[in-house]
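Here is a friendly walk through one protein chain, from a single residue out to the whole fold. Keep the viewer open as you read.

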Amino acid sequence: MPRPREEDLFADTTMTFGEHLEELRSCLFRALAGFVLGFLVGLYFGGDVVAFIQRPLKKALTVYREEQDVRMFREFQADGKLPRGDINRYRALVKDDQLLASEVYVDPQEILEQAQKLRPGVSIVDDEASMHDAEDATEAAGKKPMRREDMVRLFLWRPAENEVRVTSLSAHEPFSIYLKASLVTGALLASPWIFYQIWTFVAAGLYPHEKKYVHVFLPFSLGLFFLGTALAFFFVFEPVLEFLFMFNAWLGIEQDIRISEWLGFVLILPLGFGIAFQLPLVMLFLERIGIFDVEAYLTKWRIAILVIFIISMFLTPADPYSMLLMAVPLTVLYFGGILLCRYMPKGKSPFDDWDEE
């Protein structure tokens, strides 16, 4: 059986070990240069990015505080402390006008004393008899211990945007957050260029007939990465935060979230989603190099789904919502990867012509 000439197959792809290292160095340098350029651009938008990543947190905190206020009103109504008509009015203030209430108790005797100090020449009662009655009541109240039922209960209303804030515990923490946000922005802006450099290095070790897959895999890989990060930011953060806040309320723990902890949460979850969404490409790669085939993917789908749920548990925080919101799309992508392996045509191998004269 005649074999094709070696130069026909490998003339364009044969590289020494040193040449591979030189190609790796060049790709890394170009990727790093793109990342630095993206970071410089990110410095300009760093403040806007910090404000942007706080939106889902502030929204979830606002919903949590509103539900706490409505629950407080219902408890007061159940105890007979709040008239039935007032709860609808208060609920409208919370839900529609974005006002948050806090319960306070005021000593009426102190109010009278402070009013008389501020306006000594003005009587707060209509006649002298009523004034003496008020003085007698004040003197009698001063002789007995003050109780809660002797005080006036009031609601203080404040705008939700003034109450829902993210805190920092050190003077330099906001600056470090700004730099981290700029780094993340730079990485996202430079990610197409970085992905391109990675695939360029991979393509250097491929046969000429295989290099065309780089032009297919590169946009596909970028699309899956951005799809995963967008899913995490726009559809996962809010239900996960609502669950965590609900759990904290059940334990009676008050919320005081630091911006650095929230930024770590923002970075880890979308990054985990973006990496996990590369599953169809990984499946296609394993099928092309012969480790698995379509039949193996189909027969072992139960084990694959179990592995997907286990990986989702490690790539997400310790709550069931985020794990399910990652595992369910990955399950869909798993079967999408099977379709990709089955219907994406294989390139013609140069070894197919060995039998030809």
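## A serine and its neighbours

Apart from residues within four places in sequence, Ser221 is in contact with Phe195, Trp199, Gln278 and Leu281. Please keep in mind that this is a predicted model. Ser221 belongs to helix 9.

Is Ser221 buried or exposed? Its relative accessible area is 3%, so Ser221 counts as buried, the cut-off for that class being under 20%.

## The chain as a whole

Stepping back, the chain has 357 residues, of which 31% are buried. Its secondary structure consists of 14 helices and 2 strands. Among contacts with a separation of 6 or more, 84% join residues that lie 24 or more positions apart.

What supplies the surface of the chain? About 22500 Å² is exposed, and 64% of that comes from carbon and sulfur atoms.

## Two nonpolar cores

In soluble globular proteins, nonpolar side chains tend to be buried together. In this model the largest nonpolar core has 51 residues. Leu57, Phe237, Phe245, Trp262, Phe273, Leu330 and Tyr334 are the ones with the most contacts inside it. Helix 9, which covers residues 212–251, gives the most to this core, with 12 residues. A second core, separate from that one, has 9 residues, including Phe73, Ile87, Val94 and Ala101.

Phe245 is a good residue to click on next. Which residues does Phe245 touch, leaving aside neighbours within four places in sequence? Its contacts are Leu57, Ala60, Leu61, Tyr64, Gln255 and Ile257.

## Helix 3, end to end

Helix 3 runs over residues 55–78. With 24 residues at 1.5 Å a residue, helix 3 should span 34 Å, and its end C-alpha atoms are 35 Å apart, so the two values agree. After helix 3 comes Gly80, which has a positive phi, near 75°.

## A nonpolar patch outside

Where do nonpolar side chains show on the surface? Leu32, Val36, Leu37, Leu40, Val41, Tyr44, Phe45 and Leu189 form a nonpolar patch there, and together they have about 810 Å² of accessible area. Helix 2 (residues 17–53) provides the largest share of the patch, 7 residues.

An α-helix has 3.6 residues a turn, so residues three or four places apart point the same way. Val36 is one of the patch residues, and its place is in helix 2. With a relative accessible area of 40%, Val36 is partly exposed, because that class lies between the 20% and 50% cut-offs.

Technical notes. Residues are numbered from 1 along each chain as its sequence is written. This is a predicted model: local features need pLDDT of at least 70, side-chain atom pairs count only at pLDDT 80 or more; totals for chains, interfaces and linings use all residues. Side-chain values use heavy atoms; hydrogens and water are left out. Patches are made of residues with over 30% relative accessible area and no salt bridge: like charges are joined within 9 Å, nonpolar side chains (Val, Leu, Ile, Met, Phe, Trp, Tyr) within 5 Å. Accessible areas come from the Shrake-Rupley method with a 1.4 Å probe; for residues, only the protein chains shown count as cover. A salt bridge is a side-chain nitrogen of Lys or Arg within 4 Å of a carboxyl oxygen of Asp or Glu. Helices (H or I, at least four residues) and strands (E, at least two) are DSSP runs, numbered from the N terminus. Buried means under 20% relative accessible area, exposed over 50%, partly exposed in between (1.4 Å probe, protein chains only). Contact means heavy atoms within 4.5 Å. A nonpolar core is a set of buried Ala, Val, Leu, Ile, Met, Phe, Trp, Tyr and Cys residues joined through side-chain atoms within 4.5 Å. The expected span of a helix is 1.5 Å times one less than its number of residues.
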